[in-house]
Structure formats: C-alpha cells, structure tokens
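Visitor: I have a model open on my screen and would like to learn how to read its sheet. Could you walk me through it?
Guide: Gladly, let us take it one feature at a time.

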Amino acid sequence: MRNFLANTIRKFWLLIFQALYYPLAPLYDKISQYGFLGQWVKWQQSVLPRIQGKRVLEIGCGTGSLLKVLLERKYRAFGLDASPAMLGQARKKLKKAGFEGRLVQGKVQHLPFPDNTFETVVSTFPTSYIMSLESLNEIQRVLYPGGRLVVVDTAFLKPYSRASRFLIRVYGWVGVWGESGKNKTQRDRTFYLPLAEAGLVRRDEIYEDDQGEAHIIVATKVW
Ligand SMILES: C[S@@+](CC[C@H](N)C(=O)[O-])C[C@H]1O[C@@H](n2cnc3c(N)ncnc32)[C@H](O)[C@@H]1O
C-alpha cells in the first residue's frame with residue numbers, strides 16, 4: 001500500500017514537471033523559487049564563474065532567468081528552448097529588462113546555429129535531452145574548438161532549517177531525491193553521459209554553501 005502510494009505520487013510529480021514546461025509555465029519561477037527555498041537561482045548562477053568567452057548559448061533556457069543575468073553582464077548570449085510556453089515567460093522577462101531577439105525556439109538535438117559559434121554552452125537542470133549523443137554532438141558542433149559545455153545537472157538542499165529538513169524528506173519520499181537527500185538517481189544518470197563519444201573532455205565540480213550543493217559538469221571540446 002505504501003509502495004503503491006509512493007509510486008502514484010512519483011507519477012503525479014513527473015506529470016507536474018511536464019505540465020510546468022507547458023500549461024503551468026507561468027508558475028515555474030515561483031515553484032522553483034519557493035520549492036527550493038530560494039536556492040534555485042544561486043544554483044543556476046553557479047555557471048557564471050565557469051563561462052569562458054563572450055559568446056554563450058543557453059540550452060533549455062526555460063523562463064530566461066539565467067539568460068537575463070548573462071545579458072546584463074554583457075555576454076553575447078542566446079537562449080534556446082523547446083517549449084513555446086517557457087519561451088513566452090522568458091520573452092516577457094527579457095523585454096522588461098530591455099533585451100529582445102535573444103530567444104530561439106528549437107530542440108537541442110537540432111541546433112539552428114552554424115559550426116563553431118559559441119565559446120560556452122550552458123545548461124541548468126536539463127531534462128533527458130542531455131543524455132543523448134545526438135544532443136551532445138550538436139553542442140560540440142556549435143562550440144568553438146577549446147570551447148566548453150557547462151551543465152548544472154543536479155542540486156540539493158542541506159538540512160539547515162526546519163523547512164529544508166521537511167522538503168528533503170518530502171522530495172526523498174516522492175523520489176525526486178534519494179534517501180540521503182541527494183539526487184542519486186540523477187547523478188547516476190549523468191555519470192554515464194556520452195561526452196567522450198562527442199569529443200568533450202569532462203571535469204566534475206561542486207558548488208557548495210551552507211544551504212545546499214550543486215553538481216556541475218564542465219566539458220571541453222577537444223576536436
Ligand atoms: C527543468 S527545466 C530547466 C529550465 C531552466 N534551465 C532552469 O534552470 O530553471 C528544463 C527545460 O528544458 C526544456 N527542454 C526539454 N527538452 C528540450 C529539448 N529537447 N530541447 C530544448 N529544450 C528542451 C524544457 O522546455 C524546460 O524549459
């Protein structure tokens with residue numbers, strides 16, 4: 001009975017995630033902000049010190065929060081996402097900040113950019129597209145030789161407060177995070193990313209503070 005309930009909640013949770021990229025896109029920012037006690041933005045921005053060069057592509061840019069910061073910091077940045085609903089949210093955010101023409105609707109598997117266009121490609125909290133060799137080959141193609149892919153692939157809260165301990169328990173229970181509060185499933189998954197097959201050399205890094213920790217992959221184009 002307990003297993004049945006947990007499985008049902010897991011399926012429901014996955015459906016909510018899917019819905020968040022489409023009909024519920026207007027709620028995405030609030031849910032990621034409150035659902036992770038304000039840490040989401042910090043985790044997204046952990047890519048910033050890892051960016052090289054000025055030409056940056058953000059794939060799966062979602063509602064454009066990181067893209068806005070990149071543009072404010074004078075990067076020549078573009079954002080790509082498959083979901084028109086997420087891009088709609090991003091468009092509003094960027095327009096308000098005075099940026100236009102920076103968003104592209106498309107799939108990572110078929111990037112609408114010429115070879116060797118970007119010095120860095122960033123991706124925060126990617127869905128399963130990051131696992132496919134087709135996606136990684138495309139990312140490698142649009143990167144300059146020596147360019148890098150920076151992925152924040154997973155993050156988790158530390159038990160620093162009553163609220164964080166509660167969320168860790170809930171997310172552990174519904175399978176978003178493993179029992180220990182760490183997103184073991186996701187981390188196991190990205191352990192097998194076919195980066196080498198795509199000509200990218202991998203380095204794993206951690207962003208950590210008192211409230212949480214994010215796992216970052218930096219992969220450099222070698223040919
Ligand atoms: C978990 S959200 C992450 C959004 C944002 N990067 C963030 O940190 O909040 C994943 C995003 O990837 C987009 N996405 C999923 N599959 C994609 C694909 N094949 N190509 C491009 N974007 C995709 C979704 O529409 C969604 O906006």
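**Reading the sheet strand by strand**

Guide: Start with one pair: Val151 stands opposite Ile217 in strand 7. Please keep in mind that this is a predicted model.

Visitor: In which sense do strand 5 and strand 7 pair, and over how many bridges?

Guide: They pair in the antiparallel sense, over nine bridges. Strand 7 covers residues 212–221, and in that strand Glu213 is the bridge partner of Phe156.

Visitor: And in which sense does strand 5 pair with strand 4?

Guide: There the pairing is parallel, over six bridges. Strand 4 spans residues 118–124. Two bridge partners to look up are Val121 with Leu149 and Val122 with Val150. Between these strands the chain passes through helix 6 (residues 133–142), a β-α-β crossover that is right-handed.

Visitor: Where does helix 6 lie?

Guide: Helix 6 lies across strand 1 (55–59), strand 4, strand 5, strand 6 and strand 7, and runs at about 135° to strand 5.

Visitor: How should I think about side chains along a strand?

Guide: The general idea is that in a regular strand the side chains alternate between the two faces of the sheet. As for burial here, twelve of the 15 residues of strand 5 (residues 143–157) are buried, so strand 5 is largely enclosed by the rest of the structure. In strand 4, seven of the seven residues are buried, so that strand too is largely enclosed.

Visitor: What joins strand 1 to strand 4?

Guide: Three bridges do, and the two strands run parallel. Leu57 has Val121 of strand 4 as its bridge partner. Val121 also has Leu149 of strand 5 as a bridge partner.

Visitor: What is the order of the strands in the sheet?

Guide: The order is 3-2-1-4-5-7-6, in an open sheet of seven strands with mixed pairing. Strand 3 (103–105) and strand 6 (200–208) stand at the edges with a single partner strand each, so one side of each has no neighbour in the sheet. On average, neighbouring strands of this sheet are turned by 20° against each other, direction ignored.

Visitor: Finally, which residues come nearest to the ligand?

Guide: Of the 18 residues around the ligand, Gly60, Gly62, Ala82, Ser83 and Thr124 come nearest. By character, the shell divides into eight nonpolar, eight polar and two charged residues.

How values were computed. Residues numbered from 1 in each chain as written. Predicted model: local features only at pLDDT ≥ 70, side-chain atom pairs only at ≥ 80, totals over all residues. Near = placed C-beta within 6 Å. Nonpolar A, V, L, I, M, F, W, Y, C, P; charged D, E, K, R; others polar. Buried ≥ 20, exposed ≤ 12 C-beta atoms within 10 Å, placed from the backbone. Helix = DSSP H or I, 4+ residues; strand = E, 2+ residues; numbered from the N terminus. Pairing = 2+ DSSP bridges. Right-handed = clockwise from strand over helix to strand, strands pointing away. Axes fitted to C-alpha atoms, helices over the stretch in contact; angles between N-to-C directions. Contact = placed C-beta atoms within 7 Å.
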